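Here is a quick tour of the model below, going from the whole assembly down to a handful of residues. Keep the viewer open while you read.

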There are 2 protein chains.
Amino acid sequence: MKVSVLKNVMGANEALAARNRELLDRSGVFAIDLMSSPGAGKTSLIIETVRVLKSKLRIGVIEGDIASTIDSDRVRKEGVKVLQINVGAECSLDANMVGQGLAKLPLKDFDLLFIENVGNLICPAEFTLGEHRRVVVLSLPEGDDKPVKYPLMFTKSDCVLLNKIDLAPHLEFNTAKVKTAIRGLNPGVKIFEISCKTGRGVRGWCDWLVKERQGIAR
Amino acid sequence: MKVSVLKNVMGANEALAARNRELLDRSGVFAIDLMSSPGAGKTSLIIETVRVLKSKLRIGVIEGDIASTIDSDRVRKEGVKVLQINVGAECSLDANMVGQGLAKLPLKDFDLLFIENVGNLICPAEFTLGEHRRVVVLSLPEGDDKPVKYPLMFTKSDCVLLNKIDLAPHLEFNTAKVKTAIRGLNPGVKIFEISCKTGRGVRGWCDWLVKERQGIAR
């Protein structure tokens, strides 16, 4: 029974995600599902990206959290429209929650929408939300074994951001090893090394984002 | 329907956890459910603890992971008996998985059992396994806002280990603020600041563990 309940839930999620995607396409909004472990730097990445791209693109943000509005408050200070979704006892955003969020947002005012998922390297990989691209942030302090230990997340992402490279001198993190592991799971994936603290590598990521967005039929 | 399925699952889990606890008590094994985000340092903590306590206590380990045997292989090198449980699509160990694991272990040969949960700051807080104490590791690079953002984990733990304090000079992590937040959720909780890299604080944690174990009726 557990399996059939799960199948129904996942089937319903897929259908709602397709509806979200249709709405996003119709509104001309390019949407990113941004995922990671807690504290890998998703919110900092959004803030740095907004600072680079806000003169070019109109950006909106959905913040998914178990509790609190800490991330929304940080992002809102950048002058960006933010919608907070608190998921309570769930371990990920799902297409239903995002659909309800999209209905509250002025989508015609956005070119780019970040959907910051709940901090979790497992559940968010299982739910498609209607996004155009899936991006996972892996911070160096988490260790270079994470792709092997959490393969689904790295298999299903279009882009991996290796964040907090400023801490590299203080860690034993093998960048070549982690890239090999990621590409072993997902040969076509894009990988950037960045530091949201120093800004290093952020421009390359922003260029990729702009280009990916242009590749989507409007 | 979702709610009633969930209630049944949780009720079944509680019953199996009680059975695990009974078996552990009967076997004289003190069990720790060790939880954290991915990469916070659970496995390193087990290794450092084994090195300090192996002359005093006979230690066993259950390793819970989505995939791979990376952690088991590391711990086994310390001469410790390890059982690997790969949870596949689940986001936490549960009492059923642990019960199956306990049945395979020579419990009479252990004084202390570490159950290293899946790296996840959400789901593991929801499942009791039959453990005597719940311990959460929060590593400094994850940020000092985590207790507010993931309150259940910090509310339900008996002990919080602030790990990777060796990185403090390179981070903006407010230790006083995080302790206030944790104690706001959970006034009686024990908090240690440690570094599994330098060994700082590990002895205090080990002393606590030995004392807590002695407090349990045999």
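## Ground rules and overall picture

Helices here are DSSP runs of H or I with at least four residues, strands are runs of E with at least two, and both are numbered from the N terminus. One thing to keep in mind throughout: this is a predicted model.

By that count, chain A comes out with eight helices and seven strands. Its C-alpha atoms fit in a box of roughly 50 × 45 × 35 Å along the principal axes. For 218 residues, a compact globule would have a radius of gyration near 17 Å, and chain A agrees with that at 17 Å.

## How the two chains relate

Turn chain A by 180°, with a shift of 0.0 Å along the axis, and it lands on chain B with an RMSD of 0.0 Å. That is what a two-fold axis does. The copies also use the same surface, since 100% of the contact residues of chain A recur in chain B.

## Packing, surface and charge

How much of chain A counts as buried? The figure is 60% of its 218 residues, where buried means under 20% relative accessible area. Take the contacts in chain A between residues at least 6 apart in sequence: 73% of them join residues at least 24 apart.

On the outside, chain A exposes about 9,000 Å², and carbon and sulfur atoms supply 52% of that area. As for charge, chain A carries 32 positive and 26 negative side chains, with the centres of the two sets 3 Å apart.

## Lys164, in both chains

Most residues other than glycine have a negative phi. A:Lys164 goes the other way: its phi is positive, about 65°, although it is not a glycine. You'll find A:Lys164 in the loop between strand 6 (159-163) and helix 7 (175-185) of chain A. Is this lysine buried or exposed? A:Lys164 counts as buried, at 13% relative accessibility.

Over in chain B, the phi of B:Lys164 is also positive, near 65°. B:Lys164 sits in the loop between strand 6 (159-163) and helix 7 (175-185) of chain B, and with 13% relative accessibility it counts as buried.

## A strand residue in chain B

B:Leu162 belongs to strand 6 of chain B. It is buried, with a relative accessible area of 1%. Which residues does B:Leu162 touch, leaving aside those up to four places away in sequence? Among them are B:Leu138, B:Leu140, B:Val178, B:Ile182, B:Ile191 and B:Ile194, and the list also includes B:Thr175, B:Lys179 and B:Glu193.

For a C-alpha distance to check in the viewer, try B:Leu162 and B:Cys196: they are 34 residues apart in sequence and 10 Å apart in space.

## Two more spots in chain A

A:Gly215 is in the segment after helix 8 (202-214) of chain A. This glycine is exposed, with a relative accessible area of 62%. Although A:Gly215 and A:Phe30 are 185 residues apart along the chain, their C-alpha atoms are separated by 10 Å.

A:Pro106 is in the loop between helix 4 (95-104) and strand 4 (112-116) of chain A. At 31% relative accessible area, A:Pro106 is partly exposed. Its C-alpha atom is 39 Å from that of A:Leu167, with the two positions 61 residues apart in chain numbering.

Conventions: Residues are numbered from 1 along each chain as its sequence is written. Chains are lettered from A and ligands numbered from 1 in the order in which they are written. This is a predicted model: local features need pLDDT of at least 70, side-chain atom pairs count only at pLDDT 80 or more; totals for chains, interfaces and linings use all residues. Side-chain values use heavy atoms; hydrogens and water are left out. Copies are superposed by least squares on the C-alpha atoms of residues with pLDDT of at least 70 in both. Contact means heavy atoms within 4.5 Å. The radius of gyration is taken over C-alpha atoms; the globule rule is 2.2 Å times the number of residues to the power 0.38. Buried means under 20% relative accessible area, exposed over 50%, partly exposed in between (1.4 Å probe, protein chains only). Accessible areas come from the Shrake-Rupley method with a 1.4 Å probe; for residues, only the protein chains shown count as cover. Lys and Arg count as positive and Asp and Glu as negative; His and the chain ends are not counted. The place of a charge is taken as NZ of Lys, CZ of Arg, CG of Asp or CD of Glu.
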